[in-house]
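Colleague: I have a few questions about charges, strands and burial. Please keep the answers short.

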Amino acid sequence: MKYYILLLGILFFVTGCSKENDLTPSPADKNWFQLEDDSADRVQHAAYEVYTEWGIPVFCHDTIGREERGTDHDGNIIVFYKVLDLNYNMNNPANLNSVTNKKRILIRDEADRLAGIKFVDEVFLPEVPDGFYIQSILLLDSLYEQEREGGEKKMLKMHQGMETLAVADIPLIADMSVEEQVERAGEIITYMTLNFLAKSPSDRLTDFKRVSYDPTTQRSFYEMSVRAPYYPGDLSCLEPAHWETYGFLDFDRSKYHYIDGSEIGSWYYTLGGEDADVEDFVMAAVFYRENDFKAEYADYPKVLEKFAIIREILGEIGFKLK
């Protein structure tokens, strides 16, 4: 009896090894983000050169590959198409009952595709901090959000998801001057910076927001009305003054405002929220040279203090500050 059991064990081992040798790789192991060169395709070749230089694949189509995965019960070949999912974002999952889809329109003209790849290679990527991870870049004609079919479209300049950084308006960018392209690259990097800080907030952001705070009245200046008080001791507003006085680079222009330079006492406006404030200063730190900014805002110590804190935060991230 023991002999038969031993023989079955040997047969099982041999058969198992044989089957193991015939194993095929799982499709999950395929690297969809590895580019191959094609010298006959000008766009693919240009994208491949960027890939070899920066290690980041640039796509002009959202379908980035196909793979045959066996046959169905009728003998038809099953083909899997890998499509970049703009809605896949672990930090902002789509609500299945009310999905706000990111929709895209691809670039038609080859010259625009080549111009977009050149923009990424020569203007955008050289300014991206080393600490920022980009899985891939998808160049688009346009990008928009739409809550439901036939609903209002919200046009977007860029969107960063888990699989790709989508950059829209490439035909427009192709016709921009170098200065305009640098500005657009700065907008994209600012957007990425805000995403980065949302995931990995810096303790110094607390210090940044505390600058626009009055310890005497224990009031934050964020979203406060700036106007003449309705009555003595009115704490629902701040005294009329330039927004820079309170440490802001701009005010909330979406709300009613009255700005007449001839009489500051009659001004009426609302200061922005925390997110808008951080965005304004990140944008300023990306574009301004330090000495130029200090000279322009020399009369506003709160603005200078915030600018210094943001530069410190960006320096920690890996920005090459001017």
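Colleague: Which residues form the negative surface patch?

Modeller: A patch takes residues with over 30% relative accessible area and no salt bridge, joining like charges within 9 Å and nonpolar side chains (Val, Leu, Ile, Met, Phe, Trp, Tyr) within 5 Å. Asp and Glu count as negative, Lys and Arg as positive, while His and the chain ends are not counted. Each charge is placed at CG of Asp, CD of Glu, NZ of Lys or CZ of Arg. The negative patch consists of E36, D37, D38, D41 and E49.

Colleague: What kind of model is this?

Modeller: Residues are numbered from 1 along each chain as its sequence is written, and side-chain values use heavy atoms, with hydrogens and water left out. Local features need pLDDT of at least 70, side-chain atom pairs count only at pLDDT 80 or more, and totals for chains, interfaces and linings use all residues, as this model is predicted.

Colleague: Where is D38 found?

Modeller: Helices (H or I, at least four residues) and strands (E, at least two) are DSSP runs, numbered from the N terminus. D38 is in neither kind of run here, but in the loop between α1 (2-21) and α2 (42-54).

Colleague: Why does D38 count as partly exposed?

Modeller: Buried means under 20% relative accessible area, exposed over 50%, and partly exposed in between. Areas come from the Shrake-Rupley method with a 1.4 Å probe, and for residues only the protein chains shown count as cover. D38 counts as partly exposed because its relative accessibility is 34%.

Colleague: How many salt bridges does the rule give?

Modeller: Side chains of opposite charge can pair when their charged atoms come close. The rule asks for a side-chain nitrogen of Lys or Arg within 4 Å of a carboxyl oxygen of Asp or Glu. The count comes to 17.

Colleague: D62 and R104 meet in a salt bridge; what is the N to O distance?

Modeller: This pair links distant parts of the chain, 42 residues apart. D62 is in the loop between β1 (58-59) and β2 (63-71), and R104 is in strand β4 (residues 101-105). D62 counts as buried because its relative accessibility is 13%, while R104 counts as partly exposed because its value is 24%. The N to O distance is 2.7 Å.

Colleague: Which residues are linked in a network of salt bridges with K157?

Modeller: R184 and E187 form a bridge, with the closest N and O atoms 3.6 Å apart. Both lie in helix α5 (residues 178-199), three residues apart, about one turn. Both are buried. In the network, K157 is linked with D169, R184 and E187.

Colleague: Why are D207 and R204 separated by about one helical turn?

Modeller: These two form a salt bridge, the closest N and O atoms being 2.7 Å apart. D207 counts as partly exposed because its relative accessibility is 26%; R204 is partly exposed because its relative accessible area is 25%. The turn follows because, in helix α6 (residues 204-210), the separation is three residues.

Colleague: How many residues of strand β6 are buried?

Modeller: In a regular strand the side chains alternate between the two faces of the sheet. In β6, S142, Y144 and Q146 point one way, L143 and E145 the other, and all are buried. The buried count for β6 (residues 142-146) is five of five.

Colleague: In β7, which residue is the bridge partner of Q146?

Modeller: Two strands pair if DSSP finds at least two bridges between them. β6 is antiparallel to β4 over five bridges, and to β7 (residues 153-156) over four. β6 and β7 form a hairpin with six residues between them, and G150 in the turn has a positive phi of about 85 degrees. The partner of Q146 in β7 is K153.

Colleague: In β3, which residue is the bridge partner of G65?

Modeller: β2 and β3 (residues 77-83) pair antiparallel over six bridges. They form a hairpin with five residues between them, and G75 in the turn has a positive phi of about 90 degrees. G65 partners K82.

Colleague: Which are the edge strands of the open sheet of three strands?

Modeller: The order is β13-β12-β14, with mixed pairing. β12 (residues 225-226) and β13 run parallel over two bridges, with S225 opposite C237. Each edge strand pairs on one side only: β13 (237-238) and β14 (269-270).

Terms used: Buried means under 20% relative accessible area, exposed over 50%, partly exposed in between (1.4 Å probe, protein chains only).
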